[in-house]
Amino acid sequence: MKPRILVSTDIGGTDPDDNQSMIHLLMYNERFDIEGLVSSPSYGEGNKEEILRTIDLYENDLPKLKAHKQGFATPAYLRSVVKQGRHGAAPFKGYSTATEGSDWIVKCALKQSERPLWILVWGGLDDLAQALHDKPRIQKKIKVFWIGGPNKKWSANSYAYIAENFPSLWFIESNASYYGFFSDNVPDSLSNKNYYKNYIKEAGYLGKEYKNNRYKGNLKMGDTPSLLYMMDGNPNDPARESWGGSYVKFWQSPRLIFNRNASLHDTVTVFSIVEFRFKGPVVKIPPDSACLTMAVKSEIGEQKWDGFYLGDGNYVVRYSPKRTETLTYKVTSSIRGFEEQNGAFVVDNSWPGKPRKTNYKLGANWYTDRPNPELYDDIWQGGKTVLKWRSDVLLDWAKRWNWLR
């Protein structure tokens with residue numbers, strides 16, 4: 001049977017690869033029962049209008065798609081399941097108030113069905129966390145495939161809330177395997193820079209959009225492995241080989257707590273949740289108020305993150321590093337009497353790393369990237385479990401681009 005899926009995407013936000021993945025989904029949508037397309041931009045200016053705009057392009061190409069395959073969703077139906085989720089990251093507690101998107105997740109999850117609702121998360125976890133908070137019983141009705149990695153930075157608070165409060169959730173956390181889909185360790189004709197000119201060539205309205213996208217036709221589609229995972233076998237078995245990768249169980253998700261400033265003597269685990277806690281002035285503001293700014297300098301430049309007041313002069317900010325490197329940070333606040341904090345730390349490349357008392361304890365159905373050294377693609381753990389099938393995937397997609405000529 002077709003899998004029931006709901007996609008939570010930050011399309012139109014900081015990274016335009018979601019536009020590419022949405023095009024891919026629409027061109028293969030007869031393979032799924034799509035129950036929701038939720039705009040969940042933890043960061044940036046993403047919105048549901050970007051999904052609707054892509055559906056408009058799909059509508060123009062639909063007659064050519066239907067000439068080759070039946071079962072495509074109507075544009076009217078697809079528009080009916082597009083919902084707006086939260087703009088911006090959740091506060092420290094990991095949830096805030098319900099959104100159209102989080103309410104839709106709840107509604108879809110509670111439908112009577114023998115099939116689970118697969119929630120494919122291409123961005124932050126904020127709407128999923130909100131839905132779980134509002135209706136905890138949906139955890140038995142859903143299965144989650146999350147493209148984590150850098151998306152974990154944007155939704156560290158929501159991830160922490162889910163891991164701590166819903167350890168029995170069925171959850172695949174792909175932090176690095178998905179990088180295999182935009183690896184250049186492939187035949188030159190299928191490389192990121194050549195695939196467009198060799199196989200798409202502005203085919204149809206969707207093809208022209210692919211070139212007009214901010215990547216100018218360069219292939220990325222880092223979220224597409226979540227779809228590929230659902231397309232070629234039994235998705236209930238993460239250990240199998242699939243177009244979307246192969247995954248293993250893990251029982252502890254790394255969480256590190258610093259009650260001091262870190263230094264270059266400190267090494268943290270890649271993709272971990274790192275909490276920096278500080279003492280400062282006792283102030284009369286509501287707990288969980290955003291009142292700190294943590295500026296982190298990395299190889300890609302400087303990024304800033306909110307920190308929060310916990311009450312009684314206690315302050316905290318969460319961060320999740322996405323790759324091995326050395327990072328420096330500065331924490332400032334407009335609160336009078338809060339002293340500027342500075343530090344640095346080294347990020348290693350071994351996920352999930354060693355057991356710690358502070359780690360989140362997970363249930364029997366959490367899965368993540370395979371740790372085998374031979375499955376790394378460059379520095380990306382498990383990357384070859386996706387890279388292995390990339391040529392097959394792209395050649396299969398090339399057939400559909402030909403339909404649009």
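Reader: Which residues of helix α12 are buried in this model?

Author: The model is predicted. Within α12, the buried residues are Arg 390, Val 393, Leu 394, Trp 397, Ala 398, Arg 400, Trp 401 and Trp 403.

Reader: What covers the buried residues of α12?

Author: The cover includes α1 (17–27), α2 (48–66) and α8 (195–200), along with α9 (204–212), α10 (224–229) and α11 (383–387).

Reader: What span should α12 have, and how far apart are its end C-alpha atoms?

Author: Helix α12 runs over residues 390–403, which is 14 residues, so at 1.5 Å a residue it should span 20 Å. The end C-alpha atoms lie 21 Å apart, in agreement with that value.

Reader: Is Pro 63 buried or exposed?

Author: Pro 63, a residue of helix α2, has 55% relative accessibility and therefore counts as exposed, the cut-off being over 50%. Its C-alpha is 9.1 Å from that of Leu 404, although 341 residues separate Pro 63 and Leu 404 in sequence.

Reader: How should the packing of α4 and α5 be read?

Author: A packed pair of helices is described by the angle between the axes and the distance between them. Here α4 (residues 100–109) and α5 (residues 126–134) pack at about 55 degrees, with axes 8 Å apart. That angle makes α4 oblique to α5, and the crossing is right-handed.

Reader: Which residues meet there?

Author: From α4, Gly 101, Ser 102, Ile 105 and Val 106 meet Asp 127, Leu 128, Gln 130, Ala 131 and Asp 134 of α5.

Reader: How many disulfides does the structure hold?

Author: Zero. Cys 108 is buried at 0% relative accessibility, and Cys 291 is buried at 14%.

Notes:
Residues are numbered from 1 along each chain as its sequence is written. This is a predicted model: local features need pLDDT of at least 70, side-chain atom pairs count only at pLDDT 80 or more; totals for chains, interfaces and linings use all residues. Side-chain values use heavy atoms; hydrogens and water are left out. Helices (H or I, at least four residues) and strands (E, at least two) are DSSP runs, numbered from the N terminus. The expected span of a helix is 1.5 Å times one less than its number of residues. Buried means under 20% relative accessible area, exposed over 50%, partly exposed in between (1.4 Å probe, protein chains only). Contact means heavy atoms within 4.5 Å. A disulfide is a pair of cysteine sulfur atoms within 2.5 Å. Axes are lines fitted to C-alpha atoms, for helices over the stretch in contact, and angles run from 0 to 180 degrees between N-to-C directions. Angles under 35 degrees count as roughly parallel, over 145 as roughly antiparallel, 65 to 115 as roughly perpendicular and the rest as oblique. A crossing is left-handed if the near helix is turned anticlockwise from the far one by less than a right angle, and right-handed if clockwise.
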